[in-house]
Structures are given as C-alpha cells and as structure tokens.
Amino acid sequence: MHLIGQALLFFAVLVLISGAAGLPFDLYHTFILEKKYGFSTITWRLWLADMAKSIILSAIIMAIIISAVMGFVILLPLSWWFWGWVFFTIFQIMLLWLYPVLIAPLFNRFEPVQDEALTEKITTMLAKAGLQARGIYQVDEGKRSRHTNAYFTGIGRSKRIVLFDTLLSSHTHDEIVSILAHEIGHWKGKHILKQLVFMIITSLLLFYIIYHVVNWSPLFNAFRINQSPVYAGFFLVSLYLEIIGFYLSPIGVAVTRHFEREADRTAVHLTGVVQPMINALKRLAKDNLSNLHPHPWYVCFYYSHPPLVDRIEYLESLDYNRDQD
C-alpha cells in the first residue's frame, strides 16, 4: 500500500507540473485568441469553475486507475498486465456510459430540442432510420463559445446525439436535420463500438509490452537512472509510447475520416438530398473560421474529418451517382 501512495504522489506532481506549464497557453487561447476572433463568451467565474471540476474529476479517475494497476503489480507480479488491462477496459466502458448522463451535465445543461417544428422533422427522420426519438439533446454551449458543433456520445441506453445551441440558432431546419442525419450515420455505422473494440485490443497489446519493458535496465540507463520504482518505469515507457503514437496517428485519423464519409453517405440516404448538408458544412466552416486548404501532411496527422473541399466533392459525387441511377 505504501507503493500505491508513492505512485499517486509521483503522478500527482507530474500532472501539476504539466498543468502549470500549459496554463498560460490555455489562458491565451481562451481569453485572447478566441476573443480576438469573436468566439469566446466564457467568463472568468465559469472558466475557474470548469477548471476546478476538471481537476477534481481528473484526480479521481487518475487515482482509481493508478491505485488499481499498482495493486495488481503488488498482488499479482506475474500477471498484473492482464488484470490491469481487464480493469482498464471495464473502467473505460463505464466512463463511456457515464459521461453523457453523469459527467457532461456537471458542465452543461442538456435538454430535449425545444423547437416543435424541428422536433417533428427529427422524429420523422429517426423513424426512417429505424431509431426511437429519444436521445436528441441541445446543450447550452453558447455560454462558453460561439463555435457551432454537434456530436454523438455514449453507449447502450446512455447514447445520445447532442446539438449546440449555437448551431440551432444559426442554421436552418434542413441544415440541422442533415447534420443530425450525419450523427445518426455514426450511430447506425456503430463507429463508437468499433473504436471501442480497437481501443480494447490496442490497450491489451500496450499492457503486455509495458509488462516486458517496465523493468528493462536500458530504459532507465537512457535517462541515467540506476534504480527506480515500477511507477517511474511506467512514466518512462509513456514517453516512448507518446512518440510512437505520434507517428502512428495517421492510421487512427485515416480511420475516423473513413467513418465521416460513411456517416455522410448515410445522411444523404436518410434525407434524400445533398444541398442542405453542403450548405451546413459551408456555414460551419465559416462560423468556425476553418482552414479551407490545409496542407496534406497536416491533414494526414491531425484531421479526423476530411477537409471541407474534399468533403463537398464527395457529397456532390454521391448526388451525381444517385442521379445516374
């Protein structure tokens, strides 16, 4: 148990140092850069409240994971990697389920879409998609930013589609329905489930690799450390994994871009029209000052969505192919 306490203190200090180093950049981004372009609407009071809640939540989650893994290291030194992976997987699934219903409401107010005419259109489209009309929410994101967005979150009965209030106030009903159809495309394509399965398989591999290298002497010699507890080895391994992850990131974002195309295709199928989606994407790009012509290498490493021009060309090709049929 003494080792668990040491590990918690060790990682707490690292997180505090990292958070303090990033704080000036966060402040500059939120209160200078975002305000300069008319995006940020957050107050100092709300920003401080968000930060306090985030710190508490992060501390609780980090303490649970570290305590569990270190407990397995102590009690099951030869198989801790497997039981640590089992715990991590179950915990991640729990977080995915709890986030929409427990964690997200700590920061925002979620309520069913209020516009009755829009609700009727949404209900009609959901029926066409074979889904029930629950789980479509609007969120008061306008108290922080004028950015517009929509997203799909949760698993099982906690899954929901969320529309920003800024999106609802700046887009037409047809545009909102097309955006919603895109999010339903993620739902029908089981994209979150696929990403979850990938995460489970990847984390198993990572736990196994960490088990074999965490006490490897060259790992510590590279940092001129002679002896160190196992939790320090976890930290050193994470430094290398972060570098490796950067070079592997094009694979992950390529998969998510593929999912976005699938969702766009489903949206066109559900709505039967392309132009509202194109109009919505153009308005989203304008409202968020998106880069219309990003460098291909930047797209390769960082873009989880296809660039706007490519996305519109793809939508137009779907429209053309449908007309040909």
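These notebook entries record what I looked up in a predicted model.

**Entry 1. Conventions**

I number residues from 1 along each chain as its sequence is written, and side-chain values use heavy atoms, with hydrogens and water left out. Because the model is predicted, local features need pLDDT of at least 70 and side-chain atom pairs count only at pLDDT 80 or more, while totals for chains, interfaces and linings use all residues.

**Entry 2. Largest pocket**

I began with the pockets. For these I used a 1 Å grid over the protein atoms alone, a pocket being an open set of points where a 1.4 Å probe fits, with protein on both sides within 12 Å along at least five of seven lines. Lining residues have an atom within 4 Å of a point. Grid points are joined across faces, edges and corners, and a volume is the space filled by probe spheres set on the points.

The largest pocket holds about 1100 Å³ of space. Its lining comprises 32 residues, of which Asn149, Glu260, Ser304, His305 and Arg311 are the closest to the centre. I then asked which elements supply at least two residues each to this lining. They are strand E3 (150–153) and the helices H6 (173–188), H7 (191–213), H9 (230–271), H10 (275–287) and H12 (308–324). Helices (H or I, at least four residues) and strands (E, at least two) are DSSP runs, numbered from the N terminus.

By class, I recorded 16 nonpolar, 13 polar and three charged residues in the lining of the largest pocket. Here Ala, Val, Leu, Ile, Met, Phe, Trp, Tyr, Cys and Pro count as nonpolar, Asp, Glu, Lys and Arg as charged, and the others, Gly among them, as polar.

**Entry 3. Second largest pocket**

The second largest pocket has a volume of about 700 Å³. I noted 20 lining residues, with Ile65, Phe207, Ile210, Phe234 and Ser238 the closest to its centre. At least two residues each come from H1, H2, helix H3 (80–103), H7 and H9. Which helix gives the most to this lining? H7 does, with seven residues. The lining of the second largest pocket has 17 nonpolar and three polar residues, and no charged ones.

**Entry 4. Salt bridges**

I counted as a salt bridge a side-chain nitrogen of Lys or Arg within 4 Å of a carboxyl oxygen of Asp or Glu. The structure holds eight of them.

I looked next at Glu260 and Arg311, whose side chains meet in a salt bridge at 3.9 Å, N to O. Glu260 lies in helix H9 and Arg311 in helix H12, so the pair ties together parts that are 51 residues apart in sequence. Are these two residues buried or exposed? Glu260 is buried, with a relative accessible area of 7%, and Arg311 is buried at 9%. I take buried as under 20% relative accessible area, exposed as over 50% and partly exposed as in between (1.4 Å probe, protein chains only).

Two further pairs involve H6. Asp174 bridges to Lys121, with the closest N and O atoms 3.7 Å apart. This pair links H6 to helix H4 (residues 116–129) across 53 residues. Asp174 is partly exposed at 47%, as is Lys121 at 37%. Glu175 forms a salt bridge with Arg283 at 3.1 Å between the closest N and O atoms. That pair joins helix H6 to helix H10, 108 residues apart. Glu175 is buried at 5%, whereas Arg283 is partly exposed at 32%.

**Entry 5. Helix H6 and positive phi**

H6 has 16 residues, 13 of them buried. From first C-alpha to last it reaches 22 Å, close to the 22 Å expected (1.5 Å times one less than the number of residues). After H6 comes Lys190, which lies in the loop between H6 and H7. Its phi is positive, about 55°, although Lys190 is not a glycine. Leu289, in the loop between H10 and helix H11 (296–302), also has a positive phi, near 50°. Most residues other than glycine have a negative phi.

**Entry 6. Ile42**

I closed with Ile42, found in the loop between helix H1 (2–36) and helix H2 (44–75). Ile42 counts as buried at 9% relative accessibility. Leaving aside neighbours within four places in sequence, I listed its contacts (heavy atoms within 4.5 Å) as Thr30, Phe31, Lys35, Trp47, Asp50, Lys143 and Arg144. Arg146 is 104 residues from Ile42 in sequence and 9.7 Å away in space, C-alpha to C-alpha.
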